Amino acid sequence: MRQVTRTVPAPADLGIEVLRVPEGSPVEFDLRLEAVMEGVLVTGTAHAGLEGECGRCLEPITDPQSNQVEVRFQELFVYPEHAISEEDDEVSTLENDLIDLEPLLRDAVVLALPFQPLCSDDCPGLCPECGVRLAEQPEHTHGEPVDPRWAGLAALQQDPDAAP
Ligand SMILES: [Zn+2]
Ligand SMILES: [Zn+2]
C-alpha cells in the first residue's frame with residue numbers, strides 16, 4: 001500500500017457550464033494505492049478551486065463554501081491481462097503501470113457540483129423587472145406586481161413612484 005499526494009494542473013472543461021475548475025489551476029490529489037490481485041485499488045480525494053457565476057444574480061461565486069470542491073472516489077484499476085476477460089469496457093485498466101485519474105475526476109466533480117450554483121444560499125437574485133441585484137438593494141420595489149390582465153388599466157394610471 002502506498003500513500004500519494006500530488007498536485008496537477010486541471011484539464012480543460014472540468015465541471016459544468018456554470019461552475020468549473022479553471023483550466024491549469026491546481027488539483028490536489030490525496031491518494032491511497034493498494035495492490036490487490038487484479039490490479040491497484042485507488043481510493044482518494046481531489047480538491048480544486050471553482051469559478052462560476054451565481055445562478056440567480058450572475059455575480060462571480062466567491063463564497064469559500066461554494067468556490068471549491070472536494071470529491072472522493074474509489075476505483076479498481078485492473079491489469080490489462082485481467083481486463084481482457086471482462087466483457088464490459090467500462091473497467092479501468094492500468095496502462096504501462098499508470099493510472100489515468102482524469103475520467104474518474106471528471107465524473108466525481110460533475111456529480112459533486114450543484115445544479116444551480118448560488119453566491120449565497122439565500123441569494124434573492126435579480127429584479128425581474130429591471131435586473132438590479134436584489135442583495136444590494138433589498139428595499140428595491142416597483143410597487144405591486146401588475147396582473148397582466150390589468151396591465152392595460154395600469155397604463156392609464158400615473159406611475160405611483162413618480163407621484164409626489
Ligand atoms: Zn447570487
Ligand atoms: Zn427593479
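**Exercise 1. Decide whether Cys130 and His140 are buried, partly exposed or exposed in this predicted model, and place them in the zinc site to which they belong.**

*Solution.* Begin with Cys130, whose relative accessible area is 42%. Buried means under 20% and exposed means over 50%, so Cys130 counts as partly exposed. His140, at 22% relative accessibility, is likewise partly exposed.

Next, turn to the metal: the zinc ion (ligand 2) is coordinated by Cys127 (SG), Cys130 (SG), His140 (NE2) and His142 (NE2), at 1.9 to 2.2 Å. The pair Cys130 and His140 links distant parts of the chain, with both residues in the loop between helix H2 (102-112) and helix H3 (151-156), ten residues apart. Along the chain, the donors of the zinc ion (ligand 2) have the spacing C-x2-C-x9-H-x1-H.

**Exercise 2. Work out which geometry the donor atoms give to the zinc ion (ligand 1) and to the zinc ion (ligand 2).**

*Solution.* First list the donors of the zinc ion (ligand 1), which are Cys54 (SG), Cys57 (SG), Cys119 (SG) and Cys123 (SG), at 2.3 Å. Their spacing along the chain is C-x2-C-x61-C-x3-C, and two of these donors, Cys119 and Cys123, are buried.

Then consider the angles: four donors count as tetrahedral if all angles lie between 85 and 135 degrees. Around the zinc ion (ligand 1) the four donor atoms subtend angles of 107 to 112 degrees, and the arrangement is therefore tetrahedral. For the zinc ion (ligand 2) the angles among the four donor atoms are 101 to 115 degrees, and this site is tetrahedral.

**Exercise 3. Describe the surroundings of Arg133, stating where it lies, whether it is buried or exposed, and which residues it touches.**

*Solution.* Arg133 is located in the loop between H2 and H3. Its relative accessible area is 17%, and Arg133 is therefore classed as buried. The side chain of Arg133 makes a polar contact of 3.0 Å with that of Glu136. When residues up to four places away in sequence are not counted, Arg133 touches Cys57, Glu59, Cys119, Gly125 and Leu126. Among these, Cys57 and Cys119 also appear as donors to the zinc ion (ligand 1).

**Exercise 4. Trace the order of strands in the five-stranded sheet, and locate Ser92 in relation to it.**

*Solution.* The five strands form an open sheet with the order S1-S4-S5-S7-S8 and mixed pairing. Strand S1 (2-9) and strand S8 (92-93) are the edge strands, each pairing on one side only. Within the sheet, strand S5 (residues 39-49) and strand S7 (residues 68-78) run antiparallel and are joined by eleven bridges, and Gly39 has Val78 in S7 as its bridge partner. Helix H2 packs on this sheet, where it touches strand S4 (26-35), S5 and S7, and the direction of H2 makes about 140 degrees with that of S7.

Ser92 belongs to strand S8 and, at 16% relative accessibility, counts as buried. A polar contact of 2.5 Å connects the side chains of Ser92 and Glu75; leaving aside neighbours within four places in sequence, Ser92 is in contact with Glu75, Leu76, Phe77 and Val78.

**Exercise 5. Give the strand order of the three-stranded sheet and find the residue opposite Arg20.**

*Solution.* This open sheet has the order S2-S3-S6 with antiparallel pairing, and its edge strands are strand S2 (14-16) and strand S6 (51-52). Two bridges join strand S3 (residues 19-21) to S6, and the residue opposite Arg20 is Glu51 in S6.

Conventions:
Residues are numbered from 1 along each chain as its sequence is written. Chains are lettered from A and ligands numbered from 1 in the order in which they are written. This is a predicted model: local features need pLDDT of at least 70, side-chain atom pairs count only at pLDDT 80 or more; totals for chains, interfaces and linings use all residues. Side-chain values use heavy atoms; hydrogens and water are left out. Donors are N, O and S atoms within 2.8 Å of the metal (3.2 Å for Na, K and Ca); water is not among the atoms, so sites may look incomplete. Four donors count as tetrahedral if all angles lie between 85 and 135 degrees; four count as square planar and six as octahedral if opposite donors are over 155 degrees apart and all others between 65 and 115; anything else is irregular. Helices (H or I, at least four residues) and strands (E, at least two) are DSSP runs, numbered from the N terminus. Buried means under 20% relative accessible area, exposed over 50%, partly exposed in between (1.4 Å probe, protein chains only). Two strands pair if DSSP finds at least two bridges between them. Contact means heavy atoms within 4.5 Å. Axes are lines fitted to C-alpha atoms, for helices over the stretch in contact, and angles run from 0 to 180 degrees between N-to-C directions. A polar contact is a pair of N or O atoms within 3.5 Å; within protein, one must be able to donate a hydrogen and the other to accept it, and residues adjacent in sequence count only if both atoms are side-chain atoms.
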